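Colleague: I would like to go through this chain with you before I return to the bench. Could we begin with the overall fold and then turn to individual residues?

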Amino acid sequence: MALNRAFRIDETTEGREPPGGGLDLSELVGTWVNTDYGSSGGTLRYELSHRDGQLVVRGFGAGDPEGDGQGEAFDWGETEATPLAQTVTETRAWAFSCRFDFGFSSTEIAAYTKEGILIAASFNQFSDGSDRADYWTREFFYRERGA
């Protein structure tokens, strides 16, 4: 008999079957655009995809990396994310966490969906000795619809 260890009541299955296998990622996969379209200077969008059994996130920061006035996005590259269910017996992913490492700084993202909106909190830390304060943000994204 397998032990059912937990430190919180919502970590127990109590007669319910754990989902087994991977989570359904359909609620997360797609392009998510910041509701402020990057005007805050934060994150412009996230592109989430399901590839080789993994949830993959590509981030884009609002900015102008070439200094040409075109407002082009900073491409953060891709990173693997951990999909998260709402309960221990749920079969659908509704949230994810991931980490982007930029060398001079890192950003950890914790995001979840609610009523068609992706709410993403970012935890940003600098490691370049610049004395900039580490900071936290919360941003809201809508799913871009396919053409």
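**Strands, core and loops**

Modeller: Gladly; please note that this is a predicted model. To start with one pair of strands, β3 and strand β4 (residues 74-85) are antiparallel partners, joined over seven bridges.

Colleague: Which residue stands opposite Arg-58 in β4?

Modeller: Arg-58 stands opposite Glu-78.

Colleague: And how many helices and strands are there in the chain?

Modeller: The chain has zero helices and eight strands. From the N terminus on, the elements therefore read β-β-β-β-β-β-β-β.

Colleague: What do the eight strands form?

Modeller: They form a closed barrel that runs β1-β2-β3-β4-β5-β6-β7-β8, with antiparallel pairing. From one strand to the next, the twist averages 30 degrees.

Colleague: How many bridges are there between β1 and β8?

Modeller: Strand β1 (residues 30-34) pairs with strand β8 (residues 135-143) over three bridges, in the antiparallel sense. Within this pairing, Trp-32 has Arg-143 of β8 as its bridge partner.

Colleague: What about β7 and β8; how many bridges join them?

Modeller: Eight bridges join these two strands, and they run antiparallel. Phe-123, for instance, stands opposite Trp-136 in β8.

Colleague: Let us turn to the interior. How many residues does the largest nonpolar core have?

Modeller: The largest nonpolar core has 17 residues. Those with the most contacts inside it are Tyr-46, Leu-48, Val-57, Phe-96 and Ile-109. The elements giving two or more residues to this core are β2 (43-51), β3 (54-61), β5 (93-101), β6 (105-114) and β7 (117-126).

Colleague: Which element gives the largest share?

Modeller: That is β5, with four residues. As general background, nonpolar side chains tend to be buried together in soluble globular proteins.

Colleague: What is Tyr-46 in contact with, apart from its neighbours within four places in sequence?

Modeller: Its contacts include Trp-32, Val-57, Arg-58, Trp-76, Ile-109, Leu-118 and Phe-141. Gly-30, Thr-31 and Gly-59 are also among them.

Colleague: Now a polar residue: is Thr-43 buried or exposed?

Modeller: Thr-43, which lies in strand β2, is buried, because its relative accessibility is 4% and the cut-off for buried is under 20%.

Colleague: Which side chain does Thr-43 join in a polar contact?

Modeller: The partner is the side chain of Glu-139, in a polar contact of 2.9 Å. Not counting residues up to four places away in sequence, Thr-43 also touches others, including Asn-34, Phe-60, Trp-76 and Phe-141.

Colleague: Moving to the loops, where does Glu-115 lie?

Modeller: Glu-115 is in the loop between β6 and β7. Its phi is near 50 degrees, a positive value in a residue other than glycine. Most residues other than glycine have a negative phi.

Colleague: Is Glu-115 buried or exposed?

Modeller: Glu-115 is exposed, because its relative accessible area is 77% and exposed means over 50%.

Colleague: And what is the phi of Asp-131?

Modeller: The phi of Asp-131 is near 65 degrees, again a positive value in a residue other than glycine. Asp-131 is in the loop between β7 and β8, and it counts as exposed at 77% relative accessibility.

Colleague: Lastly, what share of the chain counts as buried, and what is its accessible surface?

Modeller: Of the 147 residues, 31% count as buried. The accessible surface comes to about 9,400 Å², and carbon and sulfur atoms hold 49% of it.

Conventions. Residues are numbered from 1 along each chain as its sequence is written. This is a predicted model: local features need pLDDT of at least 70, side-chain atom pairs count only at pLDDT 80 or more; totals for chains, interfaces and linings use all residues. Side-chain values use heavy atoms; hydrogens and water are left out. A nonpolar core is a set of buried Ala, Val, Leu, Ile, Met, Phe, Trp, Tyr and Cys residues joined through side-chain atoms within 4.5 Å. Buried means under 20% relative accessible area, exposed over 50%, partly exposed in between (1.4 Å probe, protein chains only). Contact means heavy atoms within 4.5 Å. Two strands pair if DSSP finds at least two bridges between them. Axes are lines fitted to C-alpha atoms, for helices over the stretch in contact, and angles run from 0 to 180 degrees between N-to-C directions. A polar contact is a pair of N or O atoms within 3.5 Å; within protein, one must be able to donate a hydrogen and the other to accept it, and residues adjacent in sequence count only if both atoms are side-chain atoms. Accessible areas come from the Shrake-Rupley method with a 1.4 Å probe; for residues, only the protein chains shown count as cover.
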